[in-house]
Amino acid sequence: MKSLFLVHLSLFLLAALAFAQKDLSPADLGKLKHPRHPALFKIEGKKLTKPSYLFGTMHLGDPRVTTLHPEVERAFRSADRFYAEIDLAPAKMLGGAGLMMRKDGSTLSKSIGPELTAKLDLELKAINPALSSAPFDPMKTWVMTSQLPLLQFQFEGKQALDFVLFERATKAGKEVAGLETIESQLKIFDDLTEKEQVLMLRSTLDLMAEERKNGKNTTKKLLDLYLTANLPDLGTFLKETMAMGDKEDPAFKDLNERFLKSLLDDRNVKMAAAMDESLADKPHDVHFFAVGAAHYVGPNAIQKLLTKKGYTITPLFH
């Protein structure tokens, strides 16, 4: 349930790209206690009397991810106010549950048809023999797409980094909030037509089947990169892997362009505005903003938007 509202992670997994691990063998990766590079920026300038911070997250619960780099840990502990992409308080999360359910009078299996339902059941049983598509039948098609790459991690019962930080901040008595609402984040997916949602699900299932056949695991690759790469390299890889299907296929080209604009560029503008408002409202507090690493890439990256608003942004990764 919790991972559903971090749905954009699943879209990082819709297409796989090969990459070289950053100078570490699998054995060395297993020995890491935390990421090698702090995915961190310092915010100064305007009327701020103390530095605040931007942090790039990975929405997974691996202990090497949820254990912060020492520089990030120091910044987090110094913060008076903590912001995630959305408010992750249980009551807020529960309030968004209705947004997952279909309102078109149909069901998932009817919408995607028997052939795709069979493929879906095959991938679900590969994750866990007890799984089937039946419990997901009342849900919207995009919900199934978002859940598939995360189900195996749900069975491990580990909280994603964003939830860990939100709970830590709450227990420490920090002011906590979200830069967006659940409704605005999920509207990106609701705005897709049913045909586009089915196309996305088919692309995801094809990728998962191919990876299972070839013994690959894109999520593991992403995890390794988060543990070893600096933030620009990680963010670039994430953005590249978000493209669905055949990039030369007109159907995917148009969908990718519109979807990525909504998922990244448009949200970056809104989140940067929310950050600016918070910083201006409490210039004497230390703010810690934690959002997905892909939001720090490209011409509309959050740190660039904040620079245009008059802040001095210093990268602290190395």
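# Reading a predicted chain: surface, helices and salt bridges

Author: Welcome! The protein chain exposes about 14,000 Å², and 56% of that area is supplied by carbon and sulfur atoms. Please keep in mind that this is a predicted model.

Reader: Thanks! What share of the residues of the protein chain count as buried?

Author: The chain has 318 residues, and 52% of them count as buried. In secondary structure, the chain has 15 helices and six strands. Contacts tell us about the fold too: among those between residues at least 6 apart in sequence, 83% join residues at least 24 apart.

Reader: Can we take one helix and see how burial is read? Why is helix α12 described as largely enclosed by the rest of the structure?

Author: The general idea is to go residue by residue, where buried means under 20% relative accessible area. Helix α12 covers residues 218-228, and nine of its eleven residues are buried, so the helix is largely enclosed by the rest of the structure. Among the buried ones are Leu 222, Leu 223, Leu 225 and Leu 227, along with Asp 224 and Tyr 226.

Reader: And how do I read two helices packed together? At roughly what angle do the axes of α6 and α11 cross?

Author: Start with a general point about helices. An α-helix has 3.6 residues a turn, so residues three or four places apart point the same way. Now the case here: helix α6 (residues 108-127) and helix α11 (residues 194-214) have axes that come within 10 Å and cross at roughly 35 degrees. Their crossing is left-handed. On the α6 side, the residues that meet α11 include Ile 112, Leu 116, Lys 119 and Glu 123. On the α11 side, they include Val 198, Leu 201, Arg 202 and Leu 205. The residues of this contact divide into eleven nonpolar, one polar and six charged.

Reader: Let me try a single residue in α6. Is Thr 117 buried or exposed?

Author: Thr 117, which lies in helix α6, has a relative accessible area of 13%, so it is buried. Setting aside neighbours within four places in sequence, Thr 117 is in contact with Ser 109, Ile 112 and Ser 133. You can also check a C-alpha separation: Thr 117 and Arg 202 are 85 residues apart along the chain, and their C-alpha atoms are separated by 9.9 Å.

Reader: Now for charges. How many salt bridges does the count come to?

Author: For a salt bridge, look for a side-chain nitrogen of Lys or Arg within 4 Å of a carboxyl oxygen of Asp or Glu. The count comes to 16 salt bridges. One of them joins Lys 46 and Asp 276, at 3.5 Å from N to O. This pair links distant parts of the chain: Lys 46 is in the loop between β1 and β2, and Asp 276 is in helix α14, 230 residues apart. At 48% relative accessibility Lys 46 counts as partly exposed, whereas Asp 276, at 17%, counts as buried.

Reader: Which residue forms a salt bridge with Arg 267?

Author: That partner is Glu 85, with the closest N and O atoms 3.0 Å apart. Here Arg 267 in helix α14 is linked to Glu 85 in strand β3, 182 residues away. Both Arg 267 and Glu 85 are buried.

Reader: What other salt bridges can I look at?

Author: Try Lys 187 and Asp 191, whose side chains meet at 2.9 Å, N to O; Lys 187 counts as partly exposed at 46% relative accessibility. Then find Glu 73, Arg 77 and Arg 168, which are linked in a network of salt bridges.

Conventions. Residues numbered from 1 in each chain as written. Predicted model: local features only at pLDDT ≥ 70, side-chain atom pairs only at ≥ 80, totals over all residues. Heavy atoms only, no water. Helix = DSSP H or I, 4+ residues; strand = E, 2+ residues; numbered from the N terminus. Buried < 20%, exposed > 50% of the residue type's maximum accessible area, 1.4 Å probe, protein only. Axes fitted to C-alpha atoms, helices over the stretch in contact; angles between N-to-C directions. Left-handed = near helix turned anticlockwise from the far one by under 90°. Contact = heavy atoms within 4.5 Å. Nonpolar A, V, L, I, M, F, W, Y, C, P; charged D, E, K, R; others polar. Areas by Shrake-Rupley, 256 points an atom, 1.4 Å probe, with all protein chains shown as cover.
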